[in-house]
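Trainee: Please take a close look at one part of this model, the interface between the two chains. How is it built?

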Number of protein chains: 2
Amino acid sequence: MLTFRSATENDCCLILKFIRDLAAYEKMADQVVADENLLREWIFEKKKAEVLLACEEGKEVGFALYFHNFSTFLGRAGIYLEDLFVLPEYRGCGYGKALLKELARIAVERNCGRLEWWCLDWNRPSIDFYLSLGAQPMDEWTVYRMTGETLQRLAE
Amino acid sequence: MLTFRSATENDCCLILKFIRDLAAYEKMADQVVADENLLREWIFEKKKAEVLLACEEGKEVGFALYFHNFSTFLGRAGIYLEDLFVLPEYRGCGYGKALLKELARIAVERNCGRLEWWCLDWNRPSIDFYLSLGAQPMDEWTVYRMTGETLQRLAE
């Protein structure tokens, strides 16, 4: 039977494994510089994200890592889903949808206005899944990013 | 002389005005349901966002509303800029860049890995400005959103 639990700092090793597995699926494994200590510091000490684990008969089969964003139009927070991942051997059984449903429940419970996430444009199976749930693609927007030396230079 | 200050709950009226002005510029004024009480609750009591005000000789001429996001690849928080706005009569004088620079400084000071925001694809002046600063457009990603009844339905 599927159950959910909130991750604790004892789960950093598992969370890092899920992050790396998802990055490999997204063909971005070389971009992962996170380690267990960073996850412990930023998720569990500084509380900048939360992690929901999906468990089947005591085994963690997937995770959702999320945090609060904020909508100025709505004047309230939303939930932003940063990572959603289910172990390959457990895919196609509804675990991904169950994780999204649980996040939607948390969003409503906390009085949040939205649930948002982003998806790679080539990831057709995921896109079709999201559209089937009624999610709206924000096609007219593009995210811009500054990082590393570019960010340092602007800061000086 | 340009100075910055962090907004307090006494600034909710001004913040709401800036939010509405920006929404009008984005041709989305009808989507603003925020009011002063919601801003007070979610920004200053629940602390889900922060607001930086740009002041010229005592007058607030622009604002940046931001919050912390989280990168699983970097294993640390970033700063997400939700709204950036400068009064029309003060545009073209470097206030927008100064606000971005101040956010970059805060990001570096807090040891954050990234500064991110999104921009409407038709807003060419802003896009050219962001690219000139070295920002990277995340072209291969699309944000998906669930809100209102769709979110309620998934939560049930």
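Mentor: A salt bridge is taken here as a side-chain nitrogen of Lys or Arg within 4 Å of a carboxyl oxygen of Asp or Glu. By that criterion, two salt bridges link chain B and chain A, while the structure holds 23 over all chains. The model is predicted, so local features need pLDDT of at least 70 and side-chain atom pairs count only at pLDDT 80 or more, whereas totals for chains, interfaces and linings use all residues. Side-chain values use heavy atoms, with hydrogens and water left out; residues are numbered from 1 along each chain as its sequence is written, and chains are lettered from A and ligands numbered from 1 in the order in which they are written.

One salt bridge pairs E116(B) with R145(A), with 2.7 Å between the closest N and O atoms. Another pairs E116(A) with R145(B), again with the closest N and O atoms 2.7 Å apart. E116(A) belongs to strand 5 (residues 114–120) of chain A and R145(B) to strand 7 (residues 141–147) of chain B, so this pair joins two chains. Strands here are DSSP runs of E with at least two residues, numbered from the N terminus.

Strand 7 (residues 141–147) of chain A and strand 5 (residues 114–120) of chain B run antiparallel and are joined by seven bridges; two strands pair if DSSP finds at least two bridges between them. Within this pairing, T142(A) has C119(B) as its bridge partner. The resulting open sheet has seven strands in the order 1(B)-2(B)-3(B)-4(B)-5(B)-7(A)-6(B), with mixed pairing. Strand 1 (2–6) and strand 6 (136–137) of chain B are at the edges with a single partner strand each, so one side of each has no neighbour in the sheet.

As for the interface as a whole, 72 residues of chain B are in contact with 72 residues of chain A, contact meaning heavy atoms within 4.5 Å. The two chains bury about 7,100 Å² between them, 64% of it on carbon and sulfur atoms; buried area is the accessible area (1.4 Å probe) lost on putting the two parts together, summed over both.

Chain B superposes on chain A by a rotation of 180° with 0.0 Å of shift along its axis (RMSD 0.0 Å), the fit being least squares on C-alpha atoms of residues with pLDDT of at least 70 in both. That is the relation of a two-fold axis. Of the interface residues of chain B, 100% are also interface residues in chain A, so the copies meet through the same surface.

How values were computed. Helix = DSSP H or I, 4+ residues; strand = E, 2+ residues; numbered from the N terminus.
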